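Student: I should like to examine this model through a series of questions, reasoning from the geometry to each answer. May we begin with the display?

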Amino acid sequence: MAKDRKQGKRGLNIIIVGCGKVGASLTEQLYREGHDITLVDRSSERLQVLTDMYDVMGIVGNGASYKIQREAGIDNADLMIAVTDSDELNLLCCTVAKRVGDCAAIARVRTPDYSDEASYLKEKLGLAMIINPEMEAANEITHVFSLPAALGVNSFAHGQAQMIRFKIPENNRLDGQKVMTMARNISGDVLVCAVEREKQVFIPDGNFELHQGDVVSFIATSKAAKEFFERIGMPNKPVHNTMIIGGGKAAYYLGKMLIDMGIEVKIIEIDRKRCRELSELLPQATIINGDGTDEELLNEEEIAYVDSLVPLTGIDEENVLLALHAREVSDAKVITKVNRNAFHNLIDKLDIGSVIYPKYITAEAIVAYVRAKQASVDSSNVETIYHMFDSRAEAIEFNVSAKSRVTDVPLKDLNTKDNLLIACINRSGKIIIPGGMDSIQAGDTVVIVTTHTGFQNIEDILR
């Protein structure tokens with residue numbers, strides 16, 4: 001918190017209701033950024049873990065209670081975030097907070113019925129944000145389906161630009177190439193933004209030399225990214241069908257999205273009642289009632305021949321084992337959903353394809369809102385944040401709404417901080433991969449990649 005005070009930035013007073021996985025992740029991130037946090041949960045044990053770990057206040061009780069909210073300081077709160085396991089409780093917490101205090105409110109809502117009405121609920125209840133982790137995870141998975149050669153795909157500029165992560169394979173033409181040489185000889189329409197090598201993260205300049213095994217993040221349009229992968233010998237084999245193991249909410253959202261994309265969907269779910277529900281919700285999908293961890297059943301359903309496999313059992317260990325098995329018996333594109341972050345270092349070493357962490361997706365969207373709300377200068381707002389390489393780097397999208405010290409100046413003349421790259425400019429729908437003579441203009445959205453943390457305003461990029 002001392003860091004923010006040095007910068008003259010006041011932390012917000014934030015109440016978080018719910019100390020589960022998402023609440024814990026939010027507490028960690030927002031505490032690190034210098035905000036004053038009060039936690040509310042019915043479980044004293046879960047509260048104790050977080051209050052011992054961070055300098056935050058904890059209150060045991062029902063977060064929708066008027067009395068508990070007053071005890072938590074709702075009268076002086078800037079923001080209420082409700083992320084319990086109950087959609088109804090989250091909405092009620094936010095409704096009470098809006099009536100009692102003068103604060104913004106964010107609710108986690110996962111049920112499909114409510115999600116279909118999210119815009120209506122947000123407007124009528126006066127909420128700043130309604131976020132659905134399972135739907136957002138499904139969205140991220142479909143982005144990877146569009147570029148199967150990638151490990152991860154994140155969208156900026158309303159989907160017009162993408163941050164794409166991939167690993168340079170053995171004997172690839174990128175091995176030993178400098179970034180400037182790659183841009184000249186392979187593609188000038190992509191910009192290498194960050195590289196992870198042996199647990200170190202680099203923001204590369206033109207002289208940085210790439211090597212096999214590097215995990216590279218670059219930004220480009222979807223078309224340019226596909227052409228780039230073709231040129232480096234990593235063609236994106238189209239996905240025509242997928243097997244989803246587990247039939248929970250995330251499977252429903254993903255199945256619906258993939259069917260709309262024209263991809264054949266097969267879902268294996270152990271609960272017979274849920275299978276009947278999915279058959280009604282997704283009549284175009286093939287629903288199999290059975291144990292998705294049963295090797296014999298997987299063989300019967302021809303796991304060896306599927307184009308892609310997504311384990312969504314709700315149990316991380318099962319998802320990881322299924323991913324390893326699929327990599328062993330098939331050439332399928334594998335995307336693994338992991339809810340806990342306890343063993344991420346080990347998971348990163350495993351050959352399980354792309355890994356999706358829903359709680360991070362939720363936390364990033366909320367942190368982007370918090371930074372925009374806290375920004376002291378009106379010339380820009382944080383639109384989007386993605387944490388990269390285990391939060392050792394950030395990709396931040398700013399909306400530059402007015403002239404400031406960074407506008408109308410050639411990028412080569414901007415006195416920017418070290419370990420920082422201006423990666424992309426979106427100007428009225430046109431995506432610019434910037435060079436030194438380009439400049440930021442009022443009305444642009446700008447993507448910054450940096451190993452610094454806590455940027456709230458585009459001017460934070462300056463020394």
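Tutor: Helices (H or I, at least four residues) and strands (E, at least two) are DSSP runs, numbered from the N terminus. The model is predicted: local features need pLDDT of at least 70, side-chain atom pairs count only at pLDDT 80 or more, and totals for chains, interfaces and linings use all residues. Residues are numbered from 1 along each chain as its sequence is written, while side-chain values use heavy atoms and leave out hydrogens and water.

Student: Between which strands is aspartate 408 found?

Tutor: Most residues other than glycine have a negative phi. Aspartate 408 departs from this with a positive phi of about 60°, although it is not a glycine. Its loop lies between β19 (393-400) and β20 (420-427).

Student: What is the relative accessible area of asparagine 419?

Tutor: Asparagine 419 is also in the loop between β19 and β20, and its phi is positive at about 55° although it is not a glycine. Buried means under 20% relative accessible area, exposed over 50%, and partly exposed in between (1.4 Å probe, protein chains only). Asparagine 419 is therefore partly exposed, its value being 44%.

Student: Which strands stand at the edges of the open sheet of five strands?

Tutor: Two strands pair if DSSP finds at least two bridges between them. By that criterion the open sheet has the order β7-β8-β11-β9-β10, with antiparallel pairing. Two strands have a single partner each, so one side of each lacks a neighbour in the sheet: β7 and β10 (200-202).

Student: Which residue is the bridge partner of valine 195?

Tutor: Strand β9 (residues 191-197) pairs with strand β11 (residues 215-220) in the antiparallel sense, over five bridges. In β11, the partner of valine 195 is valine 216.

Student: What angle does helix α8 make with β7?

Tutor: Axes are lines fitted to C-alpha atoms, for helices over the stretch in contact, and angles run from 0 to 180 degrees between N-to-C directions. Contact means heavy atoms within 4.5 Å. Helix α8 (residues 133-146) packs on the sheet and touches both β7 and β8 (161-167). Its direction and that of β7 differ by about 110°.

Student: Is serine 155 buried or exposed?

Tutor: Serine 155 is found in strand β7 (residues 152-156). Leaving aside neighbours within four places in sequence, it contacts His143, Ala161, Gln162, Thr384 and Tyr386. Its relative accessibility is 15%, so serine 155 counts as buried.

Student: Which element gives the most to the largest nonpolar core?

Tutor: A nonpolar core is a set of buried Ala, Val, Leu, Ile, Met, Phe, Trp, Tyr and Cys residues joined through side-chain atoms within 4.5 Å. The largest has 53 residues, and those with the most contacts inside it are Phe166, Phe218, Phe228 and Phe229. With eight residues, the element that gives the most to this core is α11.

Student: How many residues of α11 are buried?

Tutor: Helix α11 (residues 249-260) reaches 17 Å from its first C-alpha to its last, close to the 16 Å expected; the expected span is 1.5 Å times one less than the number of residues. Its buried residues include Tyr252, Tyr253, Leu254 and Met257. The helix is mostly covered, and of its twelve residues the number buried is nine.

Student: Which residue of β5 stands opposite leucine 79?

Tutor: Strand β4 (residues 79-82) is covered on both faces, with Leu79 and Ile81 buried on one side and Met80 and Ala82 on the other. β4 and strand β5 (residues 104-108) pair in the parallel sense over four bridges. Opposite leucine 79 in β5 is alanine 104.

Student: How far from cysteine 103 is the nearest cysteine sulfur?

Tutor: A disulfide is a pair of cysteine sulfur atoms within 2.5 Å, and a search of the whole structure finds zero. Cysteine 103 is in no disulfide, and the nearest cysteine sulfur, that of cysteine 94, lies at a distance of 8.2 Å.

Student: What is the relative accessible area of cysteine 193?

Tutor: Cysteine 193 is likewise in no disulfide; the nearest cysteine sulfur, that of cysteine 424, is 8.6 Å away. Cysteine 193 is buried because its relative accessible area is 0%.
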